[in-house]
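Trainee: Could you take me closely through one part of this model, the packing of a pair of helices, and then place that part in its wider setting?

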Amino acid sequence: MCAHAAGSRVKTVAPAEALKRVDPALGLTVAALWLMLGLFVVYPLLMMLSVAFVDDGRPTIAPLLAIVGKPSHRAAFLNSLLLGGLVGVFGTALGFLFAFTVARGNLPPRWVRLIDAATLLPLISPPFTTSISFIFSFGPRGLITHDLLGLKGTNVYGLTSTLAAEVLTYFPIAYLTLRPVLSGISGNLEEMAFSLGSRRLHVFRTVTLPLAIPGLANAFLLLFAASLADFATPLILAGNVFPVLPTEAYLQITGLFDLKGGAILSVLLLVPAAIVYVLQRGWVARGHFVTVTGKAGPQSPIRSVTPMARAGLSLGCAAVGLFILYLYALLGLASLVSAFGADHAWTLRHYQVIFTEGRKAIIDTLIIALIGMPLGGFYGVLVGYLVARGPALGRQAMEVVCMINYALPGTIVGIAYLIAFNDPPIALTGTALIIIACYVFRYSPAGIRTTIALMQQIDKSLEEASRSLGARSATTFRRVTLPLVMPAFLAGVGVVFIRSMTAISATIFLVSIGWTLITVRILENMTELSLGPAAAFSVFVITVVMAVMALLNAVLRRLPTATGEQMQWGLGGG
Amino acid sequence: MLAGALSRHLHRDQLPVNPLAIRLDHVSAQFQHRVKGAIAALRDVSLEVQPGELLTLLGPSGCGKTTTLRIIAGFQEPTAGRILIGDRDVTRAEANDRGIGFVFQNYALFPHLTVFENVAYGLRVQRHDAWHIASAVSDVLSLVGLAGYDPQMPHQLSGGEQQRVALARAIVIRPSVLLFDEPLSNLDAKLRVQMRGEIRSLQKKLGITTVYVTHDQEEAMAISDRIAVMNRGEIAQVGDAEQLYRRPASAFVARFIGRANLLPAMVMSVGAAGVEIDILGQRHTLPGVQSGLRRGQTVSAVIRPEALAISDAAKAEAGLLGHVTSCAYLGDKCEYDVDLAGTAVQVTKANPLPSDRLHPTTAVRLQLPVDDIHLLPEE
């Protein structure tokens, strides 16, 4: 109860362990991790910057000026910011509607589960699903535009549809961010305001909304970043009229084979992305207004909304939810008919196609995902553990570096990998390894974050008990720490798997004849206008991802330390 | 309960162990405080624990007792000094290489393992065979009164049961040294008394050298062979319970162990017959010799509240005159606060009868116990 306990209580006293010399196994692990981080995070980024800013061994910004001088690139830059800002505003509004309805609407649990399911769908889908359904609905032969409204020659491509598709794809991030914020605002505060004679709308404006502002800002920034990084939606829906940076960079490289131009466009993309990341981290660090007191919340229904308002909110959510479900139903339908919009005869031909012609992509993707899963899960737990408990020296640096690839738009990471690993000394282009490495280092931060959060709940005395019983640090990690952070491991495994099945923005640059991916095949199908197989691929991916998530959740519930809660998948901002 | 279990189990080969001494040699430790910088948690602590002895580290919060224990365990490194277990210098040895058993304040049971696996943990690490592990775990669980609890999970157990599992887990690996960090502080008062008796009898039977940290002086006195009282990162005094109580080395120890009155006094003469002192204007000759005193020296006279005899001034003639300022009736005793011409004095009267009760403002006389006064040089 002396200095030690006092120290752990106030958290101001760094224990003397910090000065303790490092256990050899631990030191070796830290060194190995830094080597990997250097190789797969720092090195590609530096290589990309050097391609962008070094000519003949001399630093120069002439190519940068040349790129910025081109009106189409300037337009792409401004378009990206515009799209990001609009997606941020509309997505946050939609997320707030859902979060507020769930937190204050006193909905039956069944309805809440339905909302959760509808908002989860876009997060676990391959990137083109909304876009495909948009074309099916609003295209020249679209179900709504052509069949329902009888419009001819409508143009689905451009800002509006890109914005709508991105909002529907990314608003769940805002919902997941805002829901705990709104639930955390004690109903008592609102009750208090009522008791002081305020009217409901006034309470909402003067109490609820101000308390939610940090959460709203956070959600806006996350959506802005997600839109900024989005490659798939604009590629399909933006068309030539609305170029954005990720697609411009992609076309610069795949169309013009101009690595340098791609690198410079990536740097342009990097600037707003970095600013948003820093701002967002600032909001998170400052935290929300804490109104959680540790006392059980009020059991009586919160009277924040009138029955009328409640009905309105529910209707709004239901409309959006139904629209999402409609888009997915359309996708399923399109995968089962001959040619959607033209020939609606039932057929399994598209599935036959994806399991024959598309078999290589499916097998490659599954192999890559299955190898990446355990690696990513273990990497996440290891880094999380070292950030939480490792040697003090370099702990924060490790936390920052391991988040870089996650925070950067995928296009940048892909181009950086392409530049760094195309030639000796480390030539990995064309291998599965480069894709696996990209996924592991890009999508493990969910596992890392969860591990850090869990480690903060695991008392240090457990590890000390293990040591006092004769176990080395490696044994302690294996027998005590690892089982206790199993939920984080599963979360890491889950996210790496989902992303391996659905991501494209980085890995589009890394696929090869030898190794390809389902998402890349979907893109190819889209450009060849074979939308049926694209839809079938998407349905397949969604089915597999949901099955694996269900499996992981079942495993999680059976863990001896299970709390019965559903896993926090940490998909936000991915 | 334990005695019977012990006699049944003591013939087993794993008990008792070969006890080793622990020595701390000029040990210092520092913490880095973000605001205040380096803070000394331990200052030049030297201490020896005899083989088979139970020594308690006792002191208020922040005194360095837990730091001392963690340094012995190897969870923290001292910034200076040496730690020896037996003849071996373990200052640089890892915690897993010191042959210690550690019982934590929060028990630190592995939440994902059953009671059996918790206790078996250390044996598995030592790669014992399954048969040995099964029999050793079963023996030690019987020893702590938890036979049959093997398949339970820690969260299914009560606090006392968890404490026993933690104890079983620590002793099953036959440590040469057993360390306790406030093991009873999370238990309720009655269970605390029962468990401390069980820990003590177990420790005696096993003969394991033990260091026990507590801030509860009654617990320390009940359980220990010797007590090291700590204050501000230093050892204030080491001794058995009676030495600490009757011959405290400092005002801090006098006040920390039990309750004490420290009355200002002056040495009038030092002779073969004893020491003559002046307390509040009255002269007393204390029998026996206390070294280091000289004539004219001012000292503090340590007098325990229960050593003072209090009586109604109306019925007594001798003694210091004062009056009662407050009285608390506690059943087995009455605690009085008495004002002696401006000096506040605590007095305890055991087994108070209704007729003896003295109420506030009553004039009283206090008889000083000349055989029971301990003198401390003014600090």
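Mentor: What follows looks at one helix pair in chain A and then at some further features of both chains.

The model is a predicted one, and that should be kept in mind for everything said here. The pair consists of helix 2 of chain A, which covers residues 24–53, and helix 17 of chain A, which covers residues 395–407. Their axes come within 9 Å and cross at roughly 40°. Because angles under 35 degrees would count as roughly parallel and those from 65 to 115 as roughly perpendicular, the crossing makes helix 2 of chain A oblique to helix 17 of chain A. As for its hand, the crossing of these two helices is left-handed. On the side of helix 2 of chain A, the contact is made by Leu37(A), Val41(A) and Val42(A), which meet Val401(A), Cys402(A), Ile404(A) and Asn405(A) in helix 17 of chain A. Sorted by character, the residues of this contact comprise six nonpolar, one polar and no charged.

The chain around this pair has 25 helices and five strands. Of the 574 residues in chain A, 49% are buried. Where contacts in chain A join residues at least 6 apart in sequence, 81% of them link residues at least 24 apart.

Elsewhere in chain A, the backbone at Leu529(A) deserves a careful look, since most residues other than glycine have a negative phi. Leu529(A), although not a glycine, has a positive phi of about 60°, and its place is in the loop between helix 24 (518–527) and helix 25 (531–558) of chain A. Leu529(A) counts as exposed because it has 10 C-beta neighbours inside 10 Å.

Chain B offers a counterpart to set beside that residue. Arg232(B), again not a glycine, has a positive phi of about 50°, and it lies in the loop between strand 9 (226–231) and strand 10 (234–239) of chain B. With 15 C-beta neighbours inside 10 Å, Arg232(B) counts as partly exposed.

At the level of domains, the assignment for chain B gives domain 1 (2–251) and domain 2 (261–377). The centres of these two domains of chain B, taken over C-alpha atoms, are separated by 40 Å, and five residues of domain 1 are in contact with five residues of domain 2. On the side of domain 1 of chain B that touches domain 2, the residues divide into two nonpolar, one polar and two charged.

Conventions:
Residues are numbered from 1 along each chain as its sequence is written. Chains are lettered from A and ligands numbered from 1 in the order in which they are written. This is a predicted model: local features need pLDDT of at least 70, side-chain atom pairs count only at pLDDT 80 or more; totals for chains, interfaces and linings use all residues. Axes are lines fitted to C-alpha atoms, for helices over the stretch in contact, and angles run from 0 to 180 degrees between N-to-C directions. Helices (H or I, at least four residues) and strands (E, at least two) are DSSP runs, numbered from the N terminus. Angles under 35 degrees count as roughly parallel, over 145 as roughly antiparallel, 65 to 115 as roughly perpendicular and the rest as oblique. A crossing is left-handed if the near helix is turned anticlockwise from the far one by less than a right angle, and right-handed if clockwise. Two residues are in contact if their C-beta atoms, placed from the backbone, lie within 7 Å. Ala, Val, Leu, Ile, Met, Phe, Trp, Tyr, Cys and Pro count as nonpolar, Asp, Glu, Lys and Arg as charged, and the others, Gly among them, as polar. A residue is buried if 20 or more other C-beta atoms lie within 10 Å of its own, exposed if 12 or fewer, and partly exposed in between; C-beta atoms are placed from the backbone. Domain bounds come from an automatic or database domain assignment.
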